[in-house]
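Reader: I am new to this structure and would like a close look at a single part of it. Please take me through that part in one connected account.

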Amino acid sequence: MTSALSPSSGLPGTRPAAAAVGTAPEAADPSPSGTLRGITVEWPAVPDTQGLLEYLVRDDVLCWVRREGGLAGFGEVARFTASGPDRFQQAAAWWRGLQSGADIENQVGGPGTGPVAFGSFAFSYTSAHQSRLVVPEVLVGLDGDRAWLTYLTYDGDAHLSAATAEAALAAWVEEISVERSPDPADSLVPGQVSEQAYMDAVAAGVERIQAGHLSKLVVARDVVANLSTPIATAQVLRELAARYTDCWTYSVDGLIGSTPEMLIKVENNVARARVLAGTLDRSRTQNHAGESDTDYAQRVLAGSEKQRHEHQIAIDSLTRKLEPFTTAMTSHSEPFVLELPNVWHLASDVSAELAQDGGQPPSSLELAEAVHPTAAVCGTPTEVAGALIRELEQMDRGPYAGPVGWTDSVGNGEWGIALRGAVVESPQQVRLYAGCGVVDGSDPQAELAETWAKFRPMIEALGLRR
Ligand SMILES: C=C(O[C@@H]1C=C(C(=O)O)C=C[C@H]1O)C(=O)O
(Lines give C-alpha, C1' and ligand atoms only; values in the text may rest on other atoms or scores of the structure.)
Protein backbone atom coordinates (compact mmCIF):
# COMPACT_ATOMS: atom_id res chain seq x y z
CA MET A 1 0.00 0.00 0.00
CA THR A 2 1.31 3.45 -0.83
CA SER A 3 0.07 6.94 -0.35
CA ALA A 4 1.26 10.32 -1.45
CA LEU A 5 0.17 13.80 -0.73
CA SER A 6 0.94 16.92 -2.65
CA PRO A 7 -0.27 20.47 -2.64
CA SER A 8 0.19 22.97 -5.39
CA SER A 9 0.67 26.65 -4.93
CA GLY A 10 -1.51 27.17 -8.02
CA LEU A 11 -1.37 30.66 -9.37
CA PRO A 12 -4.42 30.82 -11.63
CA GLY A 13 -3.68 29.42 -15.03
CA THR A 14 -0.09 28.44 -14.31
CA ARG A 15 -0.35 24.70 -13.83
CA PRO A 16 0.54 22.38 -16.66
CA ALA A 17 -2.07 19.98 -17.99
CA ALA A 18 -3.04 17.30 -15.48
CA ALA A 19 -1.05 14.09 -15.64
CA ALA A 20 -2.72 11.19 -17.36
CA VAL A 21 -4.01 8.43 -15.12
CA GLY A 22 -1.44 5.96 -16.39
CA THR A 23 1.53 8.04 -15.27
CA ALA A 24 3.25 7.78 -11.90
CA PRO A 25 1.84 9.98 -9.12
CA GLU A 26 3.67 13.17 -8.26
CA ALA A 27 6.40 12.83 -5.64
CA ALA A 28 5.15 12.73 -2.06
CA ASP A 29 5.16 16.05 -0.29
CA PRO A 30 4.85 16.33 3.50
CA SER A 31 1.75 18.54 3.61
CA PRO A 32 0.33 21.68 2.11
CA SER A 33 1.95 24.62 3.83
CA GLY A 34 -0.21 27.28 5.40
CA THR A 35 -3.97 27.40 5.69
CA LEU A 36 -6.36 26.45 2.94
CA ARG A 37 -8.54 29.51 2.43
CA GLY A 38 -11.50 29.86 0.13
CA ILE A 39 -14.72 31.51 -0.85
CA THR A 40 -17.93 30.30 -2.50
CA VAL A 41 -20.10 32.94 -4.14
CA GLU A 42 -23.25 32.91 -6.19
CA TRP A 43 -22.40 32.92 -9.86
CA PRO A 44 -25.09 34.39 -12.06
CA ALA A 45 -22.91 34.24 -15.18
CA VAL A 46 -23.38 30.57 -16.17
CA PRO A 47 -24.77 30.65 -19.73
CA ASP A 48 -28.36 29.44 -20.17
CA THR A 49 -27.78 27.70 -23.45
CA GLN A 50 -25.36 24.92 -22.64
CA GLY A 51 -24.91 25.41 -18.93
CA LEU A 52 -21.82 23.72 -17.61
CA LEU A 53 -20.86 22.35 -21.03
CA GLU A 54 -19.61 25.85 -21.80
CA TYR A 55 -16.85 25.22 -19.27
CA LEU A 56 -15.61 21.97 -20.76
CA VAL A 57 -12.98 23.86 -22.72
CA ARG A 58 -9.69 22.63 -21.31
CA ASP A 59 -8.33 19.12 -21.64
CA ASP A 60 -7.34 19.13 -17.96
CA VAL A 61 -10.82 20.09 -16.69
CA LEU A 62 -12.15 18.04 -13.80
CA CYS A 63 -15.83 17.40 -14.34
CA TRP A 64 -19.02 15.71 -13.32
CA VAL A 65 -21.83 16.77 -15.64
CA ARG A 66 -25.39 15.65 -16.31
CA ARG A 67 -28.03 17.51 -18.33
CA GLU A 68 -26.02 20.75 -18.39
CA GLY A 69 -25.65 20.75 -14.59
CA GLY A 70 -22.93 19.52 -12.25
CA LEU A 71 -19.41 20.61 -11.40
CA ALA A 72 -16.39 21.72 -13.42
CA GLY A 73 -13.04 22.24 -11.72
CA PHE A 74 -9.85 23.96 -12.82
CA GLY A 75 -6.33 23.87 -11.45
CA GLU A 76 -5.32 22.06 -8.32
CA VAL A 77 -4.62 23.13 -4.75
CA ALA A 78 -4.13 19.67 -3.25
CA ARG A 79 -4.17 16.01 -4.13
CA PHE A 80 -4.00 12.68 -2.35
CA THR A 81 -3.14 9.31 -3.81
CA ALA A 82 -3.27 5.84 -2.30
CA SER A 83 -3.57 2.20 -3.26
CA GLY A 84 -4.49 -0.99 -1.43
CA PRO A 85 -7.38 -2.09 0.79
CA ASP A 86 -7.33 1.12 2.87
CA ARG A 87 -7.42 3.51 -0.08
CA PHE A 88 -10.91 4.83 0.73
CA GLN A 89 -10.25 5.26 4.44
CA GLN A 90 -6.95 6.98 3.84
CA ALA A 91 -8.55 9.33 1.34
CA ALA A 92 -11.42 10.09 3.72
CA ALA A 93 -9.00 10.80 6.59
CA TRP A 94 -6.91 13.08 4.39
CA TRP A 95 -10.03 14.92 3.24
CA ARG A 96 -11.22 15.43 6.82
CA GLY A 97 -7.76 16.68 7.78
CA LEU A 98 -7.76 19.16 4.92
CA GLN A 99 -11.10 20.60 6.13
CA SER A 100 -10.14 20.83 9.77
CA GLY A 101 -7.60 23.60 9.23
CA ALA A 102 -9.43 25.34 6.40
CA ASP A 103 -10.81 28.85 6.51
CA ILE A 104 -13.75 28.97 4.09
CA GLU A 105 -16.37 31.64 3.54
CA ASN A 106 -19.30 29.76 1.98
CA GLN A 107 -21.92 32.33 0.95
CA VAL A 108 -24.08 29.79 -0.87
CA GLY A 109 -24.33 26.52 1.07
CA GLY A 110 -25.71 23.19 -0.08
CA PRO A 111 -24.21 20.15 -1.82
CA GLY A 112 -21.13 20.90 -3.93
CA THR A 113 -20.40 24.30 -2.37
CA GLY A 114 -17.24 25.04 -0.36
CA PRO A 115 -14.18 22.86 -1.00
CA VAL A 116 -14.84 19.91 -3.31
CA ALA A 117 -12.58 16.99 -4.19
CA PHE A 118 -12.98 15.06 -7.42
CA GLY A 119 -11.95 11.45 -7.08
CA SER A 120 -11.36 8.17 -8.78
CA PHE A 121 -10.75 4.86 -7.01
CA ALA A 122 -9.22 1.66 -8.31
CA PHE A 123 -11.70 -1.19 -8.82
CA SER A 124 -9.53 -3.61 -6.86
CA TYR A 125 -7.60 -3.44 -3.61
CA THR A 126 -4.92 -5.43 -5.45
CA SER A 127 -4.58 -2.83 -8.22
CA ALA A 128 -1.32 -0.98 -8.79
CA HIS A 129 -3.39 2.00 -9.87
CA GLN A 130 -3.26 5.05 -7.62
CA SER A 131 -6.69 6.06 -6.36
CA ARG A 132 -6.89 9.80 -5.97
CA LEU A 133 -8.65 12.88 -4.69
CA VAL A 134 -7.92 16.11 -6.52
CA VAL A 135 -9.03 19.48 -5.13
CA PRO A 136 -9.41 22.12 -7.83
CA GLU A 137 -8.46 25.73 -7.30
CA VAL A 138 -11.58 27.02 -9.04
CA LEU A 139 -14.94 25.26 -9.25
CA VAL A 140 -18.09 26.18 -11.15
CA GLY A 141 -21.26 24.49 -9.92
CA LEU A 142 -24.70 24.42 -11.49
CA ASP A 143 -27.77 22.72 -10.06
CA GLY A 144 -31.06 23.80 -11.64
CA ASP A 145 -31.19 27.57 -11.22
CA ARG A 146 -28.51 27.57 -8.50
CA ALA A 147 -25.03 28.40 -9.74
CA TRP A 148 -21.89 29.09 -7.75
CA LEU A 149 -18.19 29.68 -7.98
CA THR A 150 -15.58 28.51 -5.47
CA TYR A 151 -12.01 29.75 -5.29
CA LEU A 152 -9.43 28.08 -3.02
CA THR A 153 -5.87 29.07 -2.27
CA TYR A 154 -2.99 28.47 0.12
CA ASP A 155 -1.72 31.98 -0.56
CA GLY A 156 -2.18 33.80 2.75
CA ASP A 157 -2.04 37.17 1.02
CA ALA A 158 -4.68 36.42 -1.62
CA HIS A 159 -7.76 38.61 -1.43
CA LEU A 160 -10.90 36.47 -1.44
CA SER A 161 -13.95 38.01 -3.09
CA ALA A 162 -16.37 37.40 -5.95
CA ALA A 163 -14.08 39.49 -8.14
CA THR A 164 -10.91 37.48 -7.40
CA ALA A 165 -12.80 34.19 -7.81
CA GLU A 166 -14.07 35.39 -11.16
CA ALA A 167 -10.58 36.50 -12.19
CA ALA A 168 -9.17 33.09 -11.24
CA LEU A 169 -11.80 31.35 -13.37
CA ALA A 170 -11.19 33.73 -16.26
CA ALA A 171 -7.47 32.93 -16.16
CA TRP A 172 -8.18 29.22 -16.49
CA VAL A 173 -10.70 29.43 -19.32
CA GLU A 174 -8.69 31.97 -21.27
CA GLU A 175 -6.63 29.19 -22.79
CA ILE A 176 -8.90 26.86 -24.71
CA SER A 177 -7.81 23.38 -25.82
CA VAL A 178 -7.56 22.63 -29.52
CA GLU A 179 -10.09 20.42 -31.30
CA ARG A 180 -9.20 17.55 -33.57
CA SER A 181 -10.80 15.86 -36.57
CA PRO A 182 -11.03 12.11 -36.96
CA ASP A 183 -8.06 10.80 -38.92
CA PRO A 184 -8.09 7.64 -41.06
CA ALA A 185 -4.76 6.76 -39.46
CA ASP A 186 -6.40 6.48 -36.01
CA SER A 187 -6.79 2.84 -35.07
CA LEU A 188 -8.45 0.61 -32.54
CA VAL A 189 -6.38 -2.42 -31.56
CA PRO A 190 -6.84 -5.31 -29.11
CA GLY A 191 -5.83 -4.57 -25.54
CA GLN A 192 -4.66 -6.96 -22.82
CA VAL A 193 -7.68 -9.26 -23.24
CA SER A 194 -8.19 -10.39 -26.85
CA GLU A 195 -11.66 -11.20 -28.18
CA GLN A 196 -10.91 -14.93 -27.98
CA ALA A 197 -9.50 -14.63 -24.44
CA TYR A 198 -12.65 -12.74 -23.49
CA MET A 199 -14.97 -15.42 -24.82
CA ASP A 200 -12.88 -18.11 -23.12
CA ALA A 201 -13.14 -16.20 -19.83
CA VAL A 202 -16.93 -15.91 -20.18
CA ALA A 203 -17.20 -19.65 -20.93
CA ALA A 204 -14.99 -20.46 -17.92
CA GLY A 205 -17.15 -18.16 -15.78
CA VAL A 206 -20.33 -19.95 -16.85
CA GLU A 207 -18.71 -23.30 -15.93
CA ARG A 208 -17.87 -22.05 -12.43
CA ILE A 209 -21.41 -20.75 -12.04
CA GLN A 210 -22.82 -24.11 -13.13
CA ALA A 211 -20.49 -25.83 -10.68
CA GLY A 212 -22.12 -23.75 -7.92
CA HIS A 213 -19.12 -21.59 -6.98
CA LEU A 214 -21.00 -18.32 -7.55
CA SER A 215 -24.21 -16.99 -9.11
CA LYS A 216 -22.94 -13.99 -11.14
CA LEU A 217 -19.62 -12.79 -12.48
CA VAL A 218 -18.71 -9.67 -14.48
CA VAL A 219 -15.99 -10.22 -17.06
CA ALA A 220 -14.34 -7.22 -18.73
CA ARG A 221 -11.84 -6.52 -21.47
CA ASP A 222 -10.05 -3.53 -22.99
CA VAL A 223 -9.25 -2.11 -26.42
CA VAL A 224 -6.70 0.56 -27.24
CA ALA A 225 -7.22 3.61 -29.41
CA ASN A 226 -4.02 4.79 -31.10
CA LEU A 227 -4.51 8.35 -32.26
CA SER A 228 -2.44 9.98 -34.97
CA THR A 229 -2.66 13.34 -33.18
CA PRO A 230 -3.16 14.10 -29.46
CA ILE A 231 -6.62 13.49 -28.01
CA ALA A 232 -8.82 16.57 -27.59
CA THR A 233 -10.24 15.58 -24.21
CA ALA A 234 -12.49 18.61 -23.75
CA GLN A 235 -14.10 18.00 -27.14
CA VAL A 236 -14.67 14.32 -26.24
CA LEU A 237 -16.28 15.35 -22.93
CA ARG A 238 -18.58 17.87 -24.64
CA GLU A 239 -19.71 15.24 -27.13
CA LEU A 240 -20.39 12.68 -24.43
CA ALA A 241 -22.23 15.18 -22.23
CA ALA A 242 -24.37 16.45 -25.12
CA ARG A 243 -25.30 12.96 -26.30
CA TYR A 244 -25.54 10.91 -23.12
CA THR A 245 -27.77 13.29 -21.22
CA ASP A 246 -29.09 10.58 -18.88
CA CYS A 247 -25.52 9.65 -17.93
CA TRP A 248 -22.95 11.36 -15.74
CA THR A 249 -20.01 12.59 -17.80
CA TYR A 250 -16.79 12.48 -15.81
CA SER A 251 -13.21 13.56 -16.15
CA VAL A 252 -10.70 13.03 -13.35
CA ASP A 253 -7.03 13.21 -14.22
CA GLY A 254 -7.20 11.32 -17.51
CA LEU A 255 -10.10 9.01 -16.59
CA ILE A 256 -12.96 10.06 -18.87
CA GLY A 257 -16.35 8.72 -19.83
CA SER A 258 -20.09 8.93 -19.41
CA THR A 259 -21.57 6.46 -16.94
CA PRO A 260 -25.24 5.47 -16.72
CA GLU A 261 -24.77 3.91 -13.27
CA MET A 262 -24.90 5.81 -9.97
CA LEU A 263 -23.13 3.86 -7.23
CA ILE A 264 -24.16 6.27 -4.48
CA LYS A 265 -25.28 9.86 -4.22
CA VAL A 266 -25.63 11.58 -0.85
CA GLU A 267 -27.59 14.77 -0.53
CA ASN A 268 -28.76 16.05 2.84
CA ASN A 269 -28.95 12.67 4.61
CA VAL A 270 -30.59 10.84 1.72
CA ALA A 271 -28.65 8.29 -0.32
CA ARG A 272 -29.63 7.32 -3.84
CA ALA A 273 -28.34 4.76 -6.30
CA ARG A 274 -29.19 3.65 -9.83
CA VAL A 275 -28.54 -0.04 -10.32
CA LEU A 276 -28.17 -1.39 -13.86
CA ALA A 277 -27.88 -4.96 -15.05
CA GLY A 278 -29.42 -6.38 -18.19
CA THR A 279 -28.43 -4.89 -21.53
CA LEU A 280 -29.79 -4.82 -25.09
CA ASP A 281 -27.78 -3.39 -27.98
CA ARG A 282 -29.90 -0.82 -29.83
CA SER A 283 -27.92 -1.08 -33.07
CA ARG A 284 -28.81 -4.76 -33.49
CA THR A 285 -32.51 -4.42 -32.95
CA GLN A 286 -33.83 -2.52 -35.96
CA ASN A 287 -36.47 -5.00 -37.09
CA HIS A 288 -39.27 -5.34 -34.64
CA ALA A 289 -42.08 -4.48 -37.01
CA GLY A 290 -45.28 -3.20 -35.50
CA GLU A 291 -43.77 -2.84 -32.05
CA SER A 292 -42.41 0.44 -30.66
CA ASP A 293 -38.81 0.58 -29.48
CA THR A 294 -39.93 0.87 -25.89
CA ASP A 295 -42.35 -2.05 -26.10
CA TYR A 296 -39.69 -4.14 -27.75
CA ALA A 297 -37.07 -3.32 -25.09
CA GLN A 298 -39.62 -3.89 -22.35
CA ARG A 299 -40.58 -7.30 -23.75
CA VAL A 300 -37.05 -8.53 -24.44
CA LEU A 301 -35.36 -7.12 -21.33
CA ALA A 302 -38.00 -6.98 -18.62
CA GLY A 303 -39.63 -10.14 -20.02
CA SER A 304 -36.45 -12.18 -19.90
CA GLU A 305 -35.99 -14.51 -16.95
CA LYS A 306 -32.18 -14.42 -17.38
CA GLN A 307 -31.99 -10.60 -17.48
CA ARG A 308 -34.26 -10.20 -14.47
CA HIS A 309 -32.29 -12.75 -12.49
CA GLU A 310 -29.04 -10.91 -13.28
CA HIS A 311 -30.69 -7.61 -12.35
CA GLN A 312 -32.07 -8.90 -9.06
CA ILE A 313 -28.62 -10.11 -8.01
CA ALA A 314 -27.26 -6.60 -8.62
CA ILE A 315 -30.01 -4.90 -6.59
CA ASP A 316 -29.69 -7.35 -3.72
CA SER A 317 -25.95 -6.77 -3.50
CA LEU A 318 -26.42 -3.00 -3.24
CA THR A 319 -29.30 -3.02 -0.77
CA ARG A 320 -27.58 -5.60 1.46
CA LYS A 321 -24.45 -3.46 1.73
CA LEU A 322 -26.34 -0.17 2.11
CA GLU A 323 -28.84 -1.37 4.68
CA PRO A 324 -26.66 -1.06 7.83
CA PHE A 325 -26.33 2.69 7.17
CA THR A 326 -30.02 3.41 6.72
CA THR A 327 -33.26 3.77 8.64
CA ALA A 328 -35.55 3.28 5.62
CA MET A 329 -35.03 2.19 2.03
CA THR A 330 -37.23 2.22 -1.05
CA SER A 331 -36.79 0.93 -4.57
CA HIS A 332 -39.04 0.38 -7.57
CA SER A 333 -40.92 -2.87 -7.25
CA GLU A 334 -40.28 -3.47 -10.96
CA PRO A 335 -37.15 -2.47 -12.88
CA PHE A 336 -37.63 0.09 -15.66
CA VAL A 337 -36.04 0.24 -19.10
CA LEU A 338 -33.40 2.98 -19.37
CA GLU A 339 -32.91 4.09 -22.96
CA LEU A 340 -29.46 5.35 -23.91
CA PRO A 341 -28.25 6.16 -27.42
CA ASN A 342 -26.28 2.89 -27.63
CA VAL A 343 -28.15 0.40 -25.43
CA TRP A 344 -31.19 -0.25 -23.29
CA HIS A 345 -30.64 -1.32 -19.70
CA LEU A 346 -32.82 -2.78 -17.01
CA ALA A 347 -32.58 -0.18 -14.26
CA SER A 348 -33.74 0.30 -10.66
CA ASP A 349 -33.48 3.42 -8.55
CA VAL A 350 -32.96 2.97 -4.83
CA SER A 351 -33.24 5.67 -2.19
CA ALA A 352 -32.55 5.48 1.54
CA GLU A 353 -32.74 7.67 4.61
CA LEU A 354 -29.34 7.64 6.28
CA ALA A 355 -28.99 6.74 9.94
CA GLN A 356 -27.37 9.48 12.03
CA ASP A 357 -24.70 7.60 13.88
CA GLY A 358 -23.82 9.88 16.80
CA GLY A 359 -25.32 12.86 15.00
CA GLN A 360 -23.27 12.35 11.83
CA PRO A 361 -24.69 10.50 8.82
CA PRO A 362 -22.12 8.52 6.80
CA SER A 363 -20.32 10.50 4.11
CA SER A 364 -20.66 9.75 0.41
CA LEU A 365 -17.09 8.46 0.43
CA GLU A 366 -17.76 6.06 3.32
CA LEU A 367 -20.85 4.77 1.53
CA ALA A 368 -18.99 4.40 -1.76
CA GLU A 369 -16.47 2.21 0.04
CA ALA A 370 -19.21 0.20 1.73
CA VAL A 371 -21.18 -0.60 -1.42
CA HIS A 372 -18.29 -1.02 -3.88
CA PRO A 373 -18.00 -3.34 -5.73
CA THR A 374 -21.64 -4.19 -6.42
CA ALA A 375 -22.64 -7.28 -8.34
CA ALA A 376 -23.27 -5.02 -11.36
CA VAL A 377 -19.50 -4.83 -11.93
CA CYS A 378 -18.07 -7.70 -9.86
CA GLY A 379 -20.47 -10.54 -9.10
CA THR A 380 -21.93 -12.57 -6.25
CA PRO A 381 -20.54 -13.56 -3.79
CA THR A 382 -18.16 -10.58 -3.99
CA GLU A 383 -15.00 -12.33 -2.75
CA VAL A 384 -15.42 -15.35 -5.01
CA ALA A 385 -16.22 -13.16 -8.01
CA GLY A 386 -13.32 -10.79 -7.29
CA ALA A 387 -10.81 -13.65 -7.14
CA LEU A 388 -12.24 -15.18 -10.33
CA ILE A 389 -12.03 -11.84 -12.14
CA ARG A 390 -8.31 -11.68 -11.32
CA GLU A 391 -7.85 -15.27 -12.47
CA LEU A 392 -9.85 -15.05 -15.70
CA GLU A 393 -9.28 -11.48 -16.91
CA GLN A 394 -5.55 -11.37 -16.24
CA MET A 395 -5.59 -7.57 -16.41
CA ASP A 396 -5.50 -4.78 -13.86
CA ARG A 397 -8.82 -2.97 -14.28
CA GLY A 398 -7.21 0.19 -12.88
CA PRO A 399 -9.96 2.79 -12.24
CA TYR A 400 -12.43 1.07 -14.62
CA ALA A 401 -15.56 -0.02 -12.73
CA GLY A 402 -14.32 1.77 -9.60
CA PRO A 403 -16.06 4.75 -8.00
CA VAL A 404 -15.61 8.09 -9.79
CA GLY A 405 -17.15 11.37 -8.68
CA TRP A 406 -16.85 14.05 -6.05
CA THR A 407 -17.35 14.86 -2.38
CA ASP A 408 -17.81 18.14 -0.58
CA SER A 409 -16.60 19.02 2.89
CA VAL A 410 -19.76 17.92 4.72
CA GLY A 411 -19.96 14.50 3.05
CA ASN A 412 -22.46 15.16 0.27
CA GLY A 413 -21.29 13.80 -3.03
CA GLU A 414 -21.92 11.66 -6.07
CA TRP A 415 -19.95 8.53 -6.87
CA GLY A 416 -20.76 6.87 -10.16
CA ILE A 417 -19.28 3.61 -11.41
CA ALA A 418 -16.52 4.38 -13.94
CA LEU A 419 -18.11 2.65 -16.93
CA ARG A 420 -18.37 3.54 -20.64
CA GLY A 421 -15.05 5.27 -20.28
CA ALA A 422 -11.37 5.24 -20.97
CA VAL A 423 -8.01 6.05 -19.51
CA VAL A 424 -5.87 8.54 -21.41
CA GLU A 425 -2.55 6.76 -20.96
CA SER A 426 -0.68 9.22 -23.14
CA PRO A 427 -1.88 11.97 -25.51
CA GLN A 428 -2.08 9.49 -28.39
CA GLN A 429 -3.00 6.30 -26.55
CA VAL A 430 -6.36 5.77 -24.90
CA ARG A 431 -7.49 2.51 -23.27
CA LEU A 432 -11.21 1.72 -23.31
CA TYR A 433 -12.83 -0.82 -20.98
CA ALA A 434 -16.13 -2.70 -21.01
CA GLY A 435 -17.58 -5.76 -19.38
CA CYS A 436 -20.72 -7.85 -19.05
CA GLY A 437 -22.57 -9.69 -16.35
CA VAL A 438 -22.32 -13.45 -16.77
CA VAL A 439 -24.91 -15.82 -15.30
CA ASP A 440 -25.89 -19.41 -15.99
CA GLY A 441 -26.87 -19.53 -19.66
CA SER A 442 -24.69 -16.60 -20.83
CA ASP A 443 -23.33 -16.99 -24.35
CA PRO A 444 -19.68 -15.92 -24.93
CA GLN A 445 -20.37 -14.62 -28.46
CA ALA A 446 -23.34 -12.52 -27.28
CA GLU A 447 -21.35 -11.10 -24.35
CA LEU A 448 -18.50 -10.18 -26.70
CA ALA A 449 -20.98 -8.32 -28.93
CA GLU A 450 -22.34 -6.54 -25.84
CA THR A 451 -18.86 -5.24 -24.95
CA TRP A 452 -18.73 -3.58 -28.38
CA ALA A 453 -22.06 -1.87 -27.67
CA LYS A 454 -20.62 -0.59 -24.40
CA PHE A 455 -17.42 0.65 -26.06
CA ARG A 456 -19.48 2.59 -28.60
CA PRO A 457 -19.97 5.87 -26.65
CA MET A 458 -16.19 6.31 -26.32
CA ILE A 459 -15.37 4.98 -29.79
CA GLU A 460 -17.75 7.49 -31.35
CA ALA A 461 -16.72 10.39 -29.13
CA LEU A 462 -13.10 9.75 -30.13
CA GLY A 463 -14.15 9.88 -33.78
CA LEU A 464 -13.15 6.27 -34.38
CA ARG A 465 -14.81 3.46 -36.23
CA ARG A 466 -14.74 -0.19 -35.40
C1 LIG B 1 -19.70 -3.80 -16.72
C2 LIG B 1 -20.35 -2.86 -17.44
O3 LIG B 1 -21.67 -2.61 -17.29
C4 LIG B 1 -22.44 -3.23 -16.28
C5 LIG B 1 -23.02 -4.50 -16.75
C6 LIG B 1 -24.29 -4.56 -17.30
C7 LIG B 1 -24.82 -5.86 -17.87
O8 LIG B 1 -24.08 -6.84 -17.86
O9 LIG B 1 -25.95 -5.90 -18.35
C10 LIG B 1 -25.08 -3.40 -17.35
C11 LIG B 1 -24.68 -2.26 -16.76
C12 LIG B 1 -23.51 -2.22 -15.90
O13 LIG B 1 -23.88 -2.50 -14.58
C14 LIG B 1 -19.64 -2.00 -18.42
O15 LIG B 1 -20.27 -1.10 -18.97
O16 LIG B 1 -18.44 -2.18 -18.63
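How far apart do the C-alpha centres of domain 1 and domain 2 lie? Please start there and look closely at the place where the two domains touch.

Author: This is a predicted model, and the C-alpha centres of domain 1 and domain 2 lie 25 Å apart in it. Domain 1 covers residues 3-174, and domain 2 covers residues 187-461. Where the two touch, 43 residues of domain 1 are in contact with 47 residues of domain 2. On the domain 1 side, the elements that supply two or more residues are strand E3 (62-66), helix H1 (87-100), strand E7 (116-120) and strand E8 (131-135). Sorted by class, that side of domain 1 holds 27 nonpolar, eleven polar and five charged residues.

One residue is worth following here. Phe121 sits in the loop between E7 and E8. Leaving aside neighbours within four places in sequence, Phe121 has contacts with Arg87, Phe88, Ser131, Pro399, Gly402 and Pro403. Phe121 and Arg132 are eleven residues apart in sequence, yet their C-alpha atoms are 6.4 Å apart in space. Is Phe121 buried or exposed? Phe121 counts as buried because 29 other C-beta atoms lie within 10 Å, and the cut-off for a buried residue is 20 or more.

Next come two helices further along the chain. Helix H3 (residues 195-210) packs with helix H8 (residues 382-393) at an angle of about 145°, and their axes are 10 Å apart. The crossing of H3 and H8 is right-handed. From H3, the residues that take part are Ala201, Ala204, Gly205 and Arg208, and they meet Leu388, Leu392 and Glu393 in H8. By class, the residues of this contact are four nonpolar, one polar and two charged.

That leaves the ligand. There are 17 residues around the ligand, and those that come nearest are Leu276, Thr279, Ala376, Gly435 and Gly437. Two or more residues of this shell come from each of strand E12 (216-226), strand E16 (270-281) and strand E24 (429-438). The shell is made up of nine nonpolar, five polar and three charged residues.

To return to the starting point, the side of domain 1 that touches domain 2 includes residues from helix H1 and strands E3, E7 and E8, and the loop between E7 and E8 holds Phe121, a buried residue.

Methods:
Residues numbered from 1 in each chain as written. Predicted model: local features only at pLDDT ≥ 70, side-chain atom pairs only at ≥ 80, totals over all residues. Domains from an automatic or database assignment. Contact = placed C-beta atoms within 7 Å. Helix = DSSP H or I, 4+ residues; strand = E, 2+ residues; numbered from the N terminus. Nonpolar A, V, L, I, M, F, W, Y, C, P; charged D, E, K, R; others polar. Near = placed C-beta within 6 Å. Axes fitted to C-alpha atoms, helices over the stretch in contact; angles between N-to-C directions. Left-handed = near helix turned anticlockwise from the far one by under 90°. Buried ≥ 20, exposed ≤ 12 C-beta atoms within 10 Å, placed from the backbone.
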